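Ready for some practice in reading a protein model? Keep the sequence and the 3D view open, try each task yourself, and then compare your steps with the solution.

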Amino acid sequence: MVFRTVATRSPLAPACHVARAYVKPKTQLNVRAMSMRARPSTPRRVVSGLVTVTAIVAGAAFGVYCLDSRAGVHRWLFPPMMELLTDPESGSKISIKLLEHGLAPRDCGKDDEVLRTELFGKTLTNPIGLAAGFDKQGEAIDGLFDLGFGLVEIGSITPEPQPGNPTPRMFRLPLDAAVINRMGFNSEGHEAVRERLHARLHKWVQRVLSAGEGLVSSVGAPAPEPTALAEAQVFANYPVINTSLLDDAHVPRSLKQDRLLSINLGKNKSSREDSVVDYVKGVQALGAYADMLVINVSSPNTPGLRRLQRRSVLEGVLRDVVTARDDVAKQRIDSLPLVVKVAPDLSDAELEDVADAARASKIDGIIVSNTTVSRPAGLLSTQHVHEAGGLSGPPVKPLALHALQVIYKRSEGKIPLIGCGGIMTAEDALEFARAGASAVQLYTALAYRGPGLPRRIKDDLAARLRAEGKTWKDIVGSGLRDVPSYAPDAVNQVGLYPGAQDAFDRSVASVRHEIEQLRESFEGHASEERRALPFDIDEHDDRFKELLREAHRVTDDVPHFNDASSPQAGVLPQRTSSVPEHLLLMAKERGLTQGEVLHEAVHDAAAVPQAPAPALAASHSADATPMSTDKAAPDHTTLGGLKGHEAKSVPEAYRAPSTAEKRVV
Ligand SMILES: Cc1cc2nc3c(=O)[nH]c(=O)nc-3n(C[C@H](O)[C@H](O)[C@H](O)COP(=O)(O)O)c2cc1C
């Protein structure tokens with residue numbers, strides 16, 4: 001059209017006519033050629049038909065081949081392609097979308113019986129789980145279960161929506177098969193995720209109804225108990241679909257038989273550092289949709305979050321969340337286990353504190369561990385290693401294993417543990433199991449090894465277990481040589497996230513404050529203890545005086561007062577005491593009170609049938625000190641019903657050391 005307009009109206013018209021004259025015959029030629037192609041000869045038609053059919057069959061075969069997660073393309077073609085063509089965050093977003101819409105492969109194998117395990121009294125067909133962070137918004141739950149995971153964890157989810165840290169915030173370290181991330185809890189918030197979970201449940205019930213399946217048979221569950229409601233009744237009772245329907249039909253929230261859906265709860269960046277409200281809100285908003293809940297106190301990318309792992313704080317946090325969980329659990333038939341997820345960067349003492357706090361607060365389990373803020377010296381990568389954030393993948397494994405081992409030992413295997421950090425192979429999973437993990441989780445390896453990884457690990461695991469004649473359950477906690485944690489000088493601490501310095505300063509200020517408080521309470525406690533202990537005999541009753549006098553006599557010790565300026569004061573408060581020094585020391589070492597150790601000394605002395613040295617008896621009967629008494633009669637009855645004169649000798653254990661041996665109390 002434009003061409004024609006120009007040709008008729010413009011001064012260039014003659015030239016355009018020439019052009020048209022030139023173009024026209026060529027167009028006619030093309031038309032002729034096309035009409036000739038429309039009538040191919042018979043052999044050509046056969047050949048092209050054959051090619052078409054072969055292409056369709058090959059395409060279908062390739063499609064079927066790709067449907068199976070074990071296909072080599074999912075290991076050797078697609079993951080490297082993703083790595084080459086996408087940045088890490090876009091790569092995982094694309095994967096989530098494919099999984100969400102059923103365009104991803106599936107685990108077509110069957111889980112071997114030897115892989116069955118138990119977590120919190122619930123059975124899992126296999127112990128391999130997906131860790132939090134991959135499906136933060138709960139968009140691809142079913143696609144992820146279809147990859148063969150026994151446990152899928154979504155989140156972390158914060159109460160209010162928040163965007164997380166600015167991009168880029170995720171970095172690949174391909175040489176180490178590792179990732180550094182500082183996502184900062186990018187979350188759509190509780191309400192959006194709750195709606196999504198509810199829609200999933202709704203869709204599932206519709207599908208089950210329209211397929212004419214029973215609710216229970218759709219997850220392959222055994223027939224319900226005779227006491228359970230018949231399925232028809234279940235539907236009748238729940239015209240409006242809700243999660244109680246699942247309880248009555250004995251269907252797990254994963255909507256898969258013997259698999260668990262875990263929901264990981266995080267905190268908003270704007271919430272107070274020490275507040276537990278966000279976790280409590282998470283339990284209330286999302287608890288009904290989960291088979292288990294995780295309290296994440298170990299992300300390195302939210303200011304102050306990791307400080308919640310300190311014993312004094314953690315125990316309080318966990319207790320409050322356990323109470324909230326108990327309220328939610330009352331409304332359902334099955335249990336709702338609550339576990340806490342910790343960092344691999346804690347010292348052994350801190351890890352032991354976590355184990356103690358977990359037991360004290362009656363939490364159900366611990367996930368060990370999250371990402372590390374350290375950069376182990378053995379890293380091969382040079383690019384991105386100094387990016388702020390948490391490191392995941394194989395470099396975390398020694399730290400996570402060590403942490404797991406410490407917690408397992410401290411909790412005496414009484415708290416179920418989930419191992420996580422750098423798991424890539426069946427051998428890795430076995431190491432975590434031996435160190436005490438009832439199940440394991442992975443994330444980073446999935447990105448590098450592709451969607452067939454769960455199946456490959458499971459097959460290899462089953463083969464290894466069968467070769468040993470064992471099951472997974474047999475090897476949990478069966479022992480592992482000590483895994484050394486990295487020496488402190490082998491790691492470089494890095495900033496955690498933009499603004500880390502501010503948060504660090506705040507942390508230092510708060511630790512200082514805490515130390516001050518501890519010092520105050522220690523001093524208060526120490527002076528209380530001093531008041532409670534019978535140091536000053538004038539303040540005590542006659543019974544104590546008698547006992548003391550007797551102890552001095554039987555232990556061959558000259559009564560004296562400690563010199564208030566003596567060097568023994570050290571960092572301890574000054575003491576003034578007339579209790580023999582070596583007995584004080586003994587009391588301290590054995591955790592006895594002074595009264596107890598005195599009593600013991602007198603009692604044991606009485607039991608030794610030897611005559612006292614006359615000089616000794618004489619020296620102790622002298623009225624030379626405030627403790628001396630004219631009541632030192634030979635038949636004087638001492639505390640504990642002992643006769644003073646019956647104390648015949650000084651037992652070795654209570655004998656006062658010579659001056660040279662005297663130790664500072
Ligand atoms: C990109 C990314 C995001 C993560 N987000 C979370 C999260 O939101 N909550 C959480 O508890 N852990 C999160 N993690 C930690 C993982 O769940 C896991 O504990 C850690 O990566 C160690 O396991 P891996 O070496 O198998 O990846 C995240 C990890 C990565 C790599």
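Below are five exercises, each with a worked solution.

This is a predicted model, in which local features need pLDDT of at least 70, side-chain atom pairs count only at pLDDT 80 or more, and totals for chains, interfaces and linings use all residues. Residues are numbered from 1 along each chain as its sequence is written.

**Exercise 1. Get an overview of the chain.**

Task: Find how many helices and strands there are in the chain, and what share of its residues is buried.

Solution. Step 1: Start with the elements. Helices (H or I, at least four residues) and strands (E, at least two) are DSSP runs, numbered from the N terminus. The chain has 23 helices and 13 strands.

Step 2: Turn to burial. A residue is buried if 20 or more other C-beta atoms lie within 10 Å of its own, exposed if 12 or fewer, and partly exposed in between, with C-beta atoms placed from the backbone. Of the 665 residues in the chain, 39% are buried.

Step 3: Look at contacts, meaning two residues whose C-beta atoms, placed from the backbone, lie within 7 Å. Among contacts with a separation of 6 or more, 75% are between residues 24 or more positions apart.

**Exercise 2. Follow three neighbouring strands.**

Task: Work out which strands pair with β8 and which way the side chains of β9 point.

Solution. Step 1: Strands pair if DSSP finds at least two bridges between them. Strand β7 (residues 260–265) pairs with β8 in the parallel sense over four bridges, and S262 has M292 of β8 as its bridge partner.

Step 2: Move to the next pair. Strand β8 (residues 292–296) is joined to β9 by four bridges, and the two run parallel. Here L293 is matched with L338 of β9.

Step 3: Continue from β9, which also runs parallel to strand β10 (residues 365–368), again with four bridges. K341 has I367 in β10 as its bridge partner.

Step 4: Check the side chains. In a regular strand the side chains alternate between the two faces of the sheet. In β9, L338, V340 and V342 point one way, V339 and K341 the other way, and all are buried. In β8, M292, V294 and N296 point one way and L293 and I295 the other. Five of the five residues of β8 are buried, so this strand is largely enclosed by the rest of the structure.

**Exercise 3. Explore the largest nonpolar core.**

Task: Which helix gives the most to this core, and is A403 buried or exposed?

Solution. Step 1: Know the term. A nonpolar core is a set of buried Ala, Val, Leu, Ile, Met, Phe, Trp, Tyr and Cys residues joined through C-beta atoms within 7 Å. The largest one has 118 residues, and those touching the most other members are V354, I366, V368, L404, I407, A437 and V440. Helix α14 (residues 397–410) gives the most to this core, with eight residues.

Step 2: Zoom in on A437. Leaving out residues up to four places away in sequence, A437 touches L404, L417, I418, G419, F432 and V476.

Step 3: Now find A403 in helix α14. A403 counts as buried because it has 31 C-beta neighbours inside 10 Å. Beyond four places away in sequence, A403 touches P344, L346, L351, V368 and S369.

**Exercise 4. Inspect unusual backbone spots.**

Task: Where are the cis peptide bonds, and is A177 buried or exposed?

Solution. Step 1: One cis peptide bond joins G155 and S156, with omega about 10°; S156 sits in strand β4. Another runs from T167 to P168, with omega near -5°, and P168 lies in the loop between β4 and β5 (170–173).

Step 2: A177 is not a glycine, yet its phi is positive, near 50°. Its 20 C-beta neighbours inside 10 Å are why A177 counts as buried.

Step 3: D258 also has a positive phi, about 55°. D258 has 19 C-beta neighbours inside 10 Å and therefore counts as partly exposed.

**Exercise 5. Compare a record with the model.**

Task: What is the helix content of residues 46–65?

Solution. Step 1: An unreviewed UniProt entry lists residues 46–65 as "transmembrane region". UniProt positions are given in the numbering used here, feature names are shortened, and annotations may be inferred rather than shown by experiment.

Step 2: In the model, this span is 100% helix and 0% strand, and its end C-alpha atoms lie 28 Å apart.
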